[in-house]
Structures are given as structure tokens and as C-alpha cells.
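Here are some worked exercises to try with the structure open beside you. Take each task on your own before reading its solution.

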Amino acid sequence: MEGHELLRKSSVVKVNSEERWDFLLAQAVTQGCPVLVHFTTAWCMPSVAMKPLFQDLAQSYPNAVFLSVDVDEVKEVASKMEVKAMPTFVLMREGAQVDKLVGANPAQIKKLIGEFVSS
């Protein structure tokens, strides 16, 4: 399928449709990878400020899948995941949400993701 390349670990993959979201989650489940999602928008400065940190974390944890979802572009996914504020970080395992962090707190995000990926 076009636009359905294999998951690129060590980088953040942008989700641009609900179909791609479903595909990437299914692929992560098949591969047994934890999934970390940054729900963002272009107009939210704290969210934009967290992008470099999220990219650095993706490089630090190559066995996890890091996804970025712009809530204005993929409203269906944001609604499905009950995202109400940005930035929101969702941690998933086997296709299910395990944890959620709302807000731009770099230290807390690093700690939460580090513990989650190594568990």
C-alpha cells in the first residue's frame, strides 16, 4: 500500500490519516514494539517545543515506535484517543493505551518513557 512503508525505528513517524494510524499500530503489535505517541499541533508552542526532545528520545530507544499525530490533520485519531489538550503523550503496548501524560514537562516525559520502554 502506498504510504505504508515499514516502521522506521530511531525516528518519529508522522501519522497523516486514520488508516495509517491503524496500519502502524498493527505493525507495532506484530513486531512486539511499545508505541509512544506525541499528539501535537502547529499552533501550540509548548507542543512544537517538545518535538526535538521526542526526536532525541526516538533515537535513544530504537526498539520502540515513536509516532507524531497533528490533531488538526487527523482529528479522528485524536478523538479516538480522547486527546483534549496539547501536547499529549500516549504510551501504548499491544495496541492499548498504558499511560498518558498531558503537558510539556521534559523531565517527566524522559522519565516516563525511559521506564515504559525498559519495562
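Helices (H or I, at least four residues) and strands (E, at least two) are DSSP runs, numbered from the N terminus. Keep in mind as you go that this is a predicted model.

**Exercise 1. Two loop residues with an unusual backbone**

Task: Find where Glu-82 lies, and work out whether Glu-82 is buried or exposed. Then do the same for Glu-94, starting with its place.

Solution.
- Step 1: Glu-82 sits in the loop between helix 3 and strand 4.
- Step 2: The relative accessible area of Glu-82 is 54%. Exposed means over 50%, so Glu-82 is exposed.
- Step 3: Look at the backbone. Glu-82 is not a glycine, yet its phi is positive, at about 55°.
- Step 4: Turn to Glu-94, in the loop between strand 4 and strand 5 (96-102). Glu-94 has a relative accessible area of 68% and is therefore exposed.
- Step 5: Glu-94 is not a glycine either, and its phi is positive, at about 55°.

**Exercise 2. A cis peptide bond**

Task: Which residues does the cis peptide bond join?

Solution.
- Step 1: The bond runs between Met-86 and Pro-87, with omega at about -5°.
- Step 2: Pro-87 belongs to the loop between helix 3 and strand 4.
- Step 3: Met-86 also appears among the contacts of Thr-40, a residue you will meet next.

**Exercise 3. Thr-40 and Ala-42**

Task: Decide for Thr-40 and for Ala-42 whether each is buried or exposed, and list what each touches, leaving aside neighbours within four places in sequence.

Solution.
- Step 1: Thr-40 is part of strand 2. Its relative accessibility is 2%, and buried means under 20%, so Thr-40 counts as buried.
- Step 2: The contacts of Thr-40 are Ser-47, Val-48, Lys-51, Ser-68, Val-69, Asp-70, Val-71 and Met-86.
- Step 3: Ala-42 lies in the loop between strand 2 and helix 2. With a relative accessible area of 56%, Ala-42 is exposed.
- Step 4: Ala-42 touches Val-48 and Asp-70. Both names are also found among the contacts of Thr-40.
- Step 5: For a distance, take Ala-42 and Val-74: they are 32 residues apart along the chain, and their C-alpha atoms are separated by 13 Å.

**Exercise 4. How two helices pack**

Task: At what angle do helix 2 and helix 4 pack, and which residues make the contact?

Solution.
- Step 1: Helix 2 covers residues 45-60 and helix 4 covers residues 106-117; the angle between them is about 25°, and their axes are 11 Å apart.
- Step 2: Angles under 35 degrees count as roughly parallel, so helix 2 is roughly parallel to helix 4.
- Step 3: The crossing of helix 2 past helix 4 is right-handed.
- Step 4: Helix 2 contributes Met-50, Leu-53, Phe-54 and Leu-57, while helix 4 contributes Pro-106, Ile-109, Lys-110 and Ile-113.
- Step 5: Sorted by class, this contact holds seven nonpolar, no polar and one charged residues.
- Step 6: Now look at Ile-113 of helix 4. Its relative accessible area is 1%, so Ile-113 is buried.
- Step 7: Not counting residues up to four places away in sequence, Ile-113 touches Leu-36, Phe-54, Leu-57, Tyr-61 and Phe-66.

**Exercise 5. The nonpolar cores**

Task: Which residues of the largest nonpolar core touch the most other members, and which elements supply at least two residues each?

Solution.
- Step 1: The largest core has 21 residues, and Trp-21, Val-37, Phe-39 and Leu-67 touch the most other members.
- Step 2: At least two residues each come from strand 1 (12-15), helix 1 (18-31), strand 2 (35-40), strand 3 (65-70), helix 3 (75-80) and strand 4 (88-93).
- Step 3: Helix 1 gives the most to this core, with four residues.
- Step 4: Another core, of 17 residues, lies apart from this one; Leu-36, Leu-57, Ala-58 and Val-117 are among its residues.
- Step 5: Finish with Leu-67. Beyond four places in sequence, Leu-67 touches residues including Val-12, Val-13, Val-15, Trp-21, Leu-24, Val-37 and Phe-54.

Conventions
Residues are numbered from 1 along each chain as its sequence is written. This is a predicted model: local features need pLDDT of at least 70, side-chain atom pairs count only at pLDDT 80 or more; totals for chains, interfaces and linings use all residues. Side-chain values use heavy atoms; hydrogens and water are left out. Axes are lines fitted to C-alpha atoms, for helices over the stretch in contact, and angles run from 0 to 180 degrees between N-to-C directions. Angles under 35 degrees count as roughly parallel, over 145 as roughly antiparallel, 65 to 115 as roughly perpendicular and the rest as oblique. A crossing is left-handed if the near helix is turned anticlockwise from the far one by less than a right angle, and right-handed if clockwise. Contact means heavy atoms within 4.5 Å. Ala, Val, Leu, Ile, Met, Phe, Trp, Tyr, Cys and Pro count as nonpolar, Asp, Glu, Lys and Arg as charged, and the others, Gly among them, as polar. A nonpolar core is a set of buried Ala, Val, Leu, Ile, Met, Phe, Trp, Tyr and Cys residues joined through side-chain atoms within 4.5 Å. Buried means under 20% relative accessible area, exposed over 50%, partly exposed in between (1.4 Å probe, protein chains only).
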